[in-house]
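Student: I would like a close look at one part of this model. Please start with its pocket, then follow the strands outward. Give me the cut-offs as you go.

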Amino acid sequence: MAEALDEKESMVKVFNHEEESHGFWPDLPTEILSLIRSCLVSERDFYIFDIVCKSWKASPNLRLQLQFPIDDYSRLHESPLLMSISKRSGRYNFFHPLHHTYYMDIPELLNKKILYSKDGWLLVMGGKFAEEKQVFFFNPFTREKIDLPDLPPDTAFTKFSFSGLPTSEDCVVVGIMNLLSLMEIAVIKPGEDDWEIEGVDFRETDENYPVKKFCISSNPVFVDNYCYCLDVDGKVAVFDPHDDCENSLEFYGMRLSRRQRDSLIQSFMVESDGELIAIFLSSYGRIYVLKPDASKRNWVNVEDLGNKVI
């Protein structure tokens, strides 16, 4: 009987503990809930947070008080900022890995497309009408704008990059329009009146271009004043935008294995400390991080990123 009573008391204690635990979550202080909410980033995170209980959904968002410190943003540039747009509010969020997620209202970017970003500057396309090809630089921190000439209306350039600060004399903007065996390259410097557009047809240049087709997968990357483009199969094209693009165009014979190529769903290329790094995402969840070997004929695995983050 004593053992039975002890077991019953134990069950009651367990039940009460569970009841207390369930009651604990809705009664969290508003300050703590708001602090948790301010650290959320994705729409899925907000959704999961809101369905926990009514008190969680009703908690205020401290992030609304963290407007981007326009007057003192230099300290935030110690680390790159990840920029995204909120579908809920239309505001732009800037995620800093060491600080908070800040928001910023940028009416200048309403209905615009961000083509590329570098050194705190955005390369933007868009006009009053969808068919307009207005291109300009925009600094979201200083609100400075630098206009470029419009792209021709009958073009469809999709991949863009620029070499450095648009306020410098050496800045070059490159746009790529690519369709298998055809590639068009648009080049301009801030302050020039027109885009210089060159075309390459790989079918007519077998001797110089052993590549029959090339399908660019991500934005071009500048390294040492040369522009590098990544193909969906892992091949790399490089040209000098300061010179005759067609005559300076070369291809690196790097290519992924058939197994890797068949499973790829996305690929990107970035510059890190003067080196090219390619990131390939497979359909079965694997991520390949590769770099060219010394001969620039093969990809090799990157074993350690050091203090870098992808």
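Tutor: The pocket comes before the strands and the salt bridges.

This is a predicted model: local features need pLDDT of at least 70, side-chain atom pairs count only at pLDDT 80 or more, and totals for chains, interfaces and linings use all residues. Residues are numbered from 1 along each chain as its sequence is written, and side-chain values use heavy atoms, with hydrogens and water left out.

Take the largest pocket. Its volume is about 2,100 Å³. A pocket here is an open set of points on a 1 Å grid over the protein atoms alone, where a 1.4 Å probe fits, with protein on both sides within 12 Å along at least five of seven lines. Grid points are joined across faces, edges and corners, and the volume is the space filled by probe spheres set on the points.

The lining holds 45 residues. To count, a residue needs an atom within 4 Å of a point. Pro80, Leu81, Leu82, Ser117 and Val270 lie nearest the pocket centre. By type, the lining divides into 28 nonpolar, ten polar and seven charged residues. Nonpolar covers Ala, Val, Leu, Ile, Met, Phe, Trp, Tyr, Cys and Pro; charged covers Asp, Glu, Lys and Arg; the others, Gly among them, are polar.

Which strands supply the lining of the largest pocket? E1 (82-85), E2 (92-95), E4 (113-118), E5 (121-125), E12, E16 (264-272) and E17 each supply at least two residues. E16 gives the most, with five residues. Strands (E, at least two residues) and helices (H or I, at least four) are DSSP runs, numbered from the N terminus.

Now follow E17 away from the pocket. E17 (residues 275-282) pairs with E18 (residues 287-292) in the antiparallel sense, over four bridges. Pairing requires at least two bridges found by DSSP. Ala278 has Leu290 of E18 as its bridge partner. Four residues sit between the strands of this hairpin, and among them Gly285 takes a positive phi near 90 degrees. E18 then runs antiparallel to E19 (residues 299-301), joined by three bridges. There, Trp299 in E19 is the bridge partner of Pro292. The hairpin of E18 and E19 has six residues between its strands, and Lys296 in the turn has a positive phi of about 60 degrees.

Next, follow E12. E12 belongs to an open sheet of four strands, ordered E12-E13-E14-E15, with antiparallel pairing. E12 (221-223) and E15 (250-252) are the edge strands, and each pairs on one side only. The twist averages 30 degrees from one strand to the next. Such angles use axes fitted as lines to C-alpha atoms, and run from 0 to 180 degrees between N-to-C directions. Three bridges pair E12 with E13 (residues 226-230). Phe222 stands opposite Cys227 in E13.

Move along to Asp243. Asp243 sits in the loop between E14 (236-239) and helix H5 (245-248). Its relative accessibility is 49%, which counts as partly exposed. Buried means under 20% relative accessible area, exposed over 50%, and partly exposed in between (1.4 Å probe, protein chains only). Asp243 and Tyr226 are 17 residues apart along the chain, and their C-alpha atoms are separated by 10.0 Å.

Last, the salt bridges. The count comes to five. Each needs a side-chain nitrogen of Lys or Arg within 4 Å of a carboxyl oxygen of Asp or Glu. Asp231 pairs with Lys235, with the closest N and O atoms 2.9 Å apart. Both residues, Asp231 and Lys235, are buried. Asp233 joins Asp231 and Lys235 in a network of salt bridges.

Glu108 pairs with Arg143 at 3.3 Å between the closest N and O atoms. Glu108 lies in the loop between E3 (101-104) and E4, and Arg143 in the loop between E6 (135-138) and E7 (145-148), so the pair ties together parts 35 residues apart in sequence. Glu108 is partly exposed, at 32% relative accessible area. Arg143 is also partly exposed, at 32%. Asp147 and Lys145 meet in a salt bridge at 3.7 Å, N to O. Asp147 is exposed, at 54%, whereas Lys145 is partly exposed, at 49%.
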